[in-house]
Amino acid sequence: YQDRSIRKEIKTALPQINIPIIVERNAVCDITYFNMLKKHKEDSILVSGCFGLSAAVLLDGQILHGRSGNIGELGHIQIEGNSLICRCGRTGCLETITGGIAWNKRWTDFRKPNKKLPILFSDALKTGNTNALSILMEGIDMLFPILSNLLILFVPECLILYLDIPENVVTKTKERLIFNLDKNHIKPRPDIEIATGNQVSSIGAALVGFKHLCGNPHYEIKE
């Protein structure tokens, strides 16, 4: 939908609907949802890897949108030396090597010779499969260079990673992230929260957050 206004197209297609039409990214709705639940600090960053890879930035209690409304679209940052073709049509996007889509693809490729292994990456993690855990840990390492830039730019008090992983690997994931923070001397270190979910629960969280967002009188509707 690059260079297209979804709102305008809906209004054109359905002129009889005389209500505000709001289009928002799922990561923005997710960070609104988590802020509703736990009242996080006013300066927070959420990175969602349940499906693709995106982020939302909450600064001084306000969502940052930017001119195009796409602040935080980490998944489509192009990585030098990456020749993989992304679902967006471009080559080298970050989400082709890390995040939910990439992790599941790597797991699918790994299990091809052994069909007895769990089909889903998250199920493989739940069984304690060491190869699946390696994919996850390597994925966190691949994500960190971009993530560290966000942390340095915005200095959030809280960092939320929203991932499709089971509870039994949350501690290891958090430890790996903290290891990278310390290794790269990221100061001050934000509070770290690993939230777990899948594509379905991510959509549910986003819908609840979206409803709350639309009821906020300070929320600015973007064209």
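Biologist: Quick one to start. Is E138 buried, partly exposed or exposed?

Modeller: E138 is partly exposed. Its relative accessible area is 34%. Keep in mind that this is a predicted model.

Biologist: Which residue does E138 form a salt bridge with?

Modeller: With R106. The closest N and O atoms of that pair are 2.9 Å apart. E138 sits in helix α5, residues 130–154, and R106 sits in helix α3, so the salt bridge ties together parts that are 32 residues apart in sequence.

Biologist: And R106, how accessible is that one?

Modeller: R106 has 33% relative accessibility. That counts as partly exposed.

Biologist: How many salt bridges turn up in the whole structure?

Modeller: The search finds 7. As background, side chains of opposite charge can pair when their charged atoms come close.

Biologist: Let's stay with α3. What does K105 do there?

Modeller: The side chain of K105 meets that of D109 in a salt bridge. The N to O distance is 3.0 Å.

Biologist: How far apart are K105 and D109 along the helix?

Modeller: They are 4 residues apart in α3. That separates them by about one helical turn.

Biologist: Are those two buried or exposed?

Modeller: K105 counts as exposed, at 51% relative accessibility. D109 is partly exposed, with a relative accessible area of 36%.

Biologist: Which residues are linked with K105 in a network?

Modeller: D109 and K112. Salt bridges link K105, D109 and K112 in a network.

Biologist: Now further along the chain. What does R189 pair with?

Modeller: R189 forms a salt bridge with D182. Their closest N and O atoms are 3.0 Å apart. R189 is partly exposed at 41%. D182 is partly exposed too, at 34%.

Biologist: New topic: cysteines. How many disulfides does the search find?

Modeller: The count is 0 for the whole structure. For reference, a disulfide is a covalent bond between the sulfur atoms of two cysteines.

Biologist: Why is there no bond from C88 to C86?

Modeller: The sulfur of C86 is the closest cysteine sulfur to that of C88, but the distance is 3.7 Å. That is too far for a bond, because the cut-off for a disulfide is within 2.5 Å.

Biologist: What about C93?

Modeller: The closest cysteine sulfur to C93 is in C88. That distance is 3.7 Å, again too far for a bond.

Biologist: Where do C88 and C93 stand, buried or exposed?

Modeller: C93 is buried, with a relative accessible area of 0%. C88 counts as partly exposed, at 41% relative accessibility.

Biologist: Last topic: empty space. How many cavities of 30 Å³ or more are there?

Modeller: The structure holds 1. The volume of the largest cavity is about 50 Å³.

Biologist: What lines the largest cavity?

Modeller: Its lining is G49, C50, G100, W103, N104, F121, S122, L163 and D164.

Biologist: Which helices each supply at least two of the lining residues?

Modeller: α3, residues 100–111, and α4, residues 121–126. α3 gives the most, with 3 residues.

Biologist: How does the lining split by class?

Modeller: It has 4 nonpolar, 4 polar and 1 charged residues.

Biologist: So where have we met α3 today?

Modeller: In the cavity lining, where α3 gives the most residues. K105 and D109 are also in α3. So is R106, the partner of E138 in α5.

Terms used. Residues are numbered from 1 along each chain as its sequence is written. This is a predicted model: local features need pLDDT of at least 70, side-chain atom pairs count only at pLDDT 80 or more; totals for chains, interfaces and linings use all residues. Side-chain values use heavy atoms; hydrogens and water are left out. On a 1 Å grid over the protein atoms alone, a cavity is a set of points where a 1.4 Å probe fits but cannot get out, and a pocket is an open set with protein on both sides within 12 Å along at least five of seven lines; lining residues have an atom within 4 Å of a point. Grid points are joined across faces, edges and corners, and a volume is the space filled by probe spheres set on the points. Ala, Val, Leu, Ile, Met, Phe, Trp, Tyr, Cys and Pro count as nonpolar, Asp, Glu, Lys and Arg as charged, and the others, Gly among them, as polar. Buried means under 20% relative accessible area, exposed over 50%, partly exposed in between (1.4 Å probe, protein chains only). A salt bridge is a side-chain nitrogen of Lys or Arg within 4 Å of a carboxyl oxygen of Asp or Glu.
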